[in-house]
Each structure stands twice: as C-alpha cells, then as structure tokens.
Amino acid sequence: MNSQSLWSPLDKSLRAVRGYPRRAPLTLAYVCLLLASHAWVIYGLSADRAASVLGYVSTNLDNLQDHPLSALLGSVLFFDGTLTDVTSTDFVGTLITLGLGVCCCLAWAEHQWGTLRAVAVFLGGHVVATLLTAVVISVALQRGWYPAAVRQALDYGVSYGAQTVLALGTLALPRRGRLPWAVFVLAWPLGGADWSGPLPDFTTIGHLIAAALGFGLLGVPAFRRQRVRAAGLSSTASDFGPHRGSVPESTSPAAGTDTPPSV
C-alpha cells in the first residue's frame, strides 16, 4: 500500500472538516448552542435549578397541556445525554443523536436541500413525533399500560428530530448500505427499551414514530429531485461541489440518475 493511498482518506476528512462551516452553517451554530446549553445546565446551575429548567421544557402530557409551545421549542435547546461518561449507554445515545443525527445527517440535509428545508424536517420530526407520542401515552394511560406518573415524566432533547434526519439520511448512502442503515435506525431505540404491557416505553415509541416520519420522506419527489441535482454538482468538485444554486436547473442530470451524494 503506497503512501498516497494512506493519506487519501485523511486528506478527504480534513477537507470535509474545513468545509463544514460553509456547507452547514446553521447546523454548526446549532451544535454550538446545544453544547453551550448542556454546559450551562451541568456546570452553571444548581441541581435544583437545573431540574426546574429541564422539567419546564419537558414535553410530557402536563406541560403540553399547560405550555405547549414553550415545551416543544424549549426541548430542542438541550440534548439528553452525556459527553463525559464514555462507558455508559447514555454516551452511546449521545453519539447517535448528537453525533450522527445532528452533526452529520442534519448537516448533510442542510447542504443538500438548504437551511429552511432541513430545519422543517428536523423540527417537523420533533413536533409531530412528540404529539403522536402524547396520543399514544394518553391511550396507554386509559388502558392502564403506563403508570400515572408518566404524565410528569422528564422528556426533553433533540433525539426525535435527530431520529427523523437519521432516517432521511438513508438517501446519502449507496443502495447496498441503505437496508443495514434502516435496520440500525429502527433497532437502536429498541436496544434499551423497557416494556410495559404490550408497549415499550414512550421514548422508544417516539423514536420509532420519528424514524417512520423520516423514512416516509424518502419517497417525496421534492427531496429526490434535490438529491439528483446535488449529486450532479458534487461530481464536478472535490469538496461537496459548489454552493447550492450555482448551476441552473437545466444543467442537472436526467431524472432517474441514482448516483448517491457525498456525505
């Protein structure tokens, strides 16, 4: 193996890191905000005050009835996980949601389809999955499948939105990698699920709903058309192609081209 083949992956990685702010500026700003809010809660507040803040932005049934907008929007300003306890399952969850979901898949969606569409997918997945999960919780409470305390459960973070873009990120993979990726997206929430009667815990249900929303977007023509155009652009440049919109629509490849974009 020659030195050129050894350095090529490293060189591509370095170019990808250098180009990240240009390709996904909003995602980068959002990641910085999440890290800052995490540090503020962990190190800047007392334990009681931190619990009060996170309890207020939790998207549980009581909060959704009392202050739905504050809960839904405030929840996505934090992530539920750890950056320091690297041997815990919480750290694995952080790597998947914050690392793969936000840092990678949301950034890819922003580059492929633009900021507004990426934000719509992420927030839409967060909001719709949260509300549908609330419906499931209400039914489960009526049937005695969940304890009454679930109405005030601590439930906040970016994971539902991240799960949606993780599923949508299937488009970034070559065909042979799409089925294993889909299995991973669906399976990881089930790995630590707690079952109560016929249902797993409500956060697992929320992740599965969010994944279903993301997979449902795979067949939306608008996303597939944008993907084809982006793939054509990326094939003419060494680092994810030029900025969006620099090539007219008429120069995009013919429909049906199945070359996956770079990630």
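The exercises below, each with a worked solution, concern a predicted model of one protein. Residues are numbered from 1 along each chain as its sequence is written. In this predicted model, local features need pLDDT of at least 70 and side-chain atom pairs count only at pLDDT 80 or more, while totals for chains, interfaces and linings use all residues, and side-chain values use heavy atoms, with hydrogens and water left out.

**Exercise 1. Find how many helices and strands the protein has, and in what order the elements run.**

Step one is to fix the terms: helices (H or I, at least four residues) and strands (E, at least two) are DSSP runs, numbered from the N terminus. Counted in this way, the protein has 11 helices and 2 strands. Step two is to read the elements from the N terminus on, which gives α-α-α-α-α-α-α-α-α-β-β-α-α.

**Exercise 2. Determine how many disulfides the structure holds, and examine Cys-32 and Cys-105.**

A disulfide is a covalent bond between the sulfur atoms of two cysteines; here it is taken as a pair of cysteine sulfur atoms within 2.5 Å. The structure holds 0 disulfides. For Cys-32, the nearest cysteine sulfur is that of Cys-103, 9.2 Å away, and for Cys-105 it is that of Cys-104, at 6.4 Å. To compare their surroundings, take buried as under 20% relative accessible area, exposed as over 50%, and partly exposed as in between (1.4 Å probe, protein chains only). Cys-32, with a relative accessible area of 45%, is partly exposed, whereas Cys-105, at 10%, counts as buried.

**Exercise 3. Locate the salt bridge and state which parts of the chain the pair links.**

The rule asks for a side-chain nitrogen of Lys or Arg within 4 Å of a carboxyl oxygen of Asp or Glu, and by it the count comes to 1 salt bridge. Its partners are Arg-151 and Asp-62, whose side chains meet at 3.1 Å, N to O. Arg-151 lies in the loop between α7 (115-142) and α8 (159-168), and Asp-62 in helix α4 (residues 61-66), so that the pair, 89 residues apart, links distant parts of the chain. Arg-151 is partly exposed, with a relative accessible area of 25%, and Asp-62 is partly exposed at 25%.

**Exercise 4. Describe how α8 and helix α9 (residues 175-191) are placed relative to each other.**

With axes as lines fitted to C-alpha atoms, for helices over the stretch in contact, and angles running from 0 to 180 degrees between N-to-C directions, the two axes come within 9 Å and cross at roughly 160°. Angles over 145 degrees count as roughly antiparallel, and α8 and α9 are therefore roughly antiparallel to each other.

Technical notes: Parallel < 35°, antiparallel > 145°, perpendicular 65-115°, else oblique.
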